[in-house]
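Visitor: Could you walk me through the pockets of this protein? I would like to know what lines them.

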Amino acid sequence: MSFNDENESATLLINCMDKKGIVASVANFISSNNGNIVSLEQHIDGLKNMFFMRVKWDIKDFKIKKEDINFEFQKECGEKFEIKWQIFFSNEKPKIALFVSKLSHCLYDILYRYYSGEWNVDIPLIISNHKDLQDIAEKFSIKYEYFPINKENKLEQEEREKELLKKHNINLVVLARYMQILSSDFVKEFPNKIINIHHSFLPAFPGARPYDAAYNRGVKIIGVTSHYVTEELDAGPIIEQDVVKVSHTDSIEDIIRKGKDLEKVVLSRSVQKHIRRKILTYNNKTIVFD
C-alpha cells in the first residue's frame, strides 16, 4: 500500500458558545507560532448560539512541539472562549476494527479503499459472529476473530471483544453490516467511535425483509443512513444519507442490489469523513465539514 500525504499537519475541531473574536484568536495562535493554515471552515447554529470550526495547518515549522500544543492552545484560546476541542495529527493513523456477519459488500468496499491506498489507516482486525467471511480476511492478511453470540453469552463475548480492541489500540469500530445489537456497556466504551449503516425504510418497513416489504408497496425511492452508534437503537447522530430511485420495472433482486450499492458507498463516505477529521457531534447531531 502507498499513501501520498502532504506535509505533516494538525487538524483542530472546536465548539463553544458563539462570541466575537474566536476565529481571529485561533488564527493568530497558529500564525504567530509560524503555522500555515491550509483550510478553515466554520458554522454557527443561530438557534443554539453555538460556534463550530475545523482548522487544519502545516506544522512543519511550527514553533510549539506537538505534545505541547494542547496546553498552549488552552492557555491562549481555550480558557478565554471556553472552547471544547480535539486535535489530530496527520501522521497518526486511525486504527479501525471491522465488525461483520455474513454480507460481504461493505467489507469488500472498505478493504479495497484501504489496500488501494485511498485511506491512510490501519485495519488490524475483523470481528464476526459468523465464520462466513473468514476467507476474505485471509486474502487480505487481516486477523479474523470469531465470536459466536447468543442470549446467554452475549455480554461475556462482548467483554472479550473489548479486550481485543484495546489490545490493538482500536479507535474506530465500523459495523460493516454486522447483524448484532451492541449492548449499552459496549457502546459507552466508544462514544462517537462506532459507525453503523442501515436502510432507511424504518419505521415504515421494519423486520428482517424490508426490501421485500418495500417492493410489495411499490416504493419509488430507497435510502440508506449511516450514523454513530448510541445506546438508543438506530438513533445516533447521522453522518451521511443518500437515496436512489426505483420503479415498477425493478425486481426485488434489483432493489436489493441497488440498496447494497448505496450501503457500501454511504458507509465508506462516513468512514472517510471520520478519519479525515471532518465531523463534530453536538446534541445528537453532526456538523460535517466539506
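Guide: Gladly! First, a word on the classes we will use: Ala, Val, Leu, Ile, Met, Phe, Trp, Tyr, Cys and Pro count as nonpolar, Asp, Glu, Lys and Arg as charged, and the others, Gly among them, as polar. Please keep in mind that this is a predicted model.

Visitor: Into how many nonpolar, polar and charged residues does the lining of the second largest pocket divide?

Guide: Let's start with the pocket itself, which has a volume of about 550 Å³. Of the 22 residues that line the second largest pocket, Leu13, Gln86, Phe88, Lys193 and His274 are the closest to its centre. Sorted by class, the lining comes to eleven nonpolar, six polar and five charged.

Visitor: Which element gives the most to the lining of the second largest pocket?

Guide: Strand S1 (9-17), strand S4 (84-89) and strand S12 (279-282) are the elements that give two or more residues to this lining. The top contributor supplies six residues, and that is S4.

Visitor: And which element gives the most to the lining of the largest pocket?

Guide: That pocket has a volume of about 920 Å³. Helix H6 (184-189), strand S9 (194-199), helix H7 (210-217) and helix H8 (252-275) each supply at least two residues of its lining. With four residues, the leader is S9.

Visitor: Which residues lie nearest the centre of the largest pocket?

Guide: The lining divides into 15 nonpolar, twelve polar and nine charged residues. Among the 36 lining residues, those nearest the centre are Arg177, Tyr178, Met179, His198 and His199.

Technical notes:
Residues are numbered from 1 along each chain as its sequence is written. This is a predicted model: local features need pLDDT of at least 70, side-chain atom pairs count only at pLDDT 80 or more; totals for chains, interfaces and linings use all residues. Side-chain values use heavy atoms; hydrogens and water are left out. On a 1 Å grid over the protein atoms alone, a cavity is a set of points where a 1.4 Å probe fits but cannot get out, and a pocket is an open set with protein on both sides within 12 Å along at least five of seven lines; lining residues have an atom within 4 Å of a point. Grid points are joined across faces, edges and corners, and a volume is the space filled by probe spheres set on the points.
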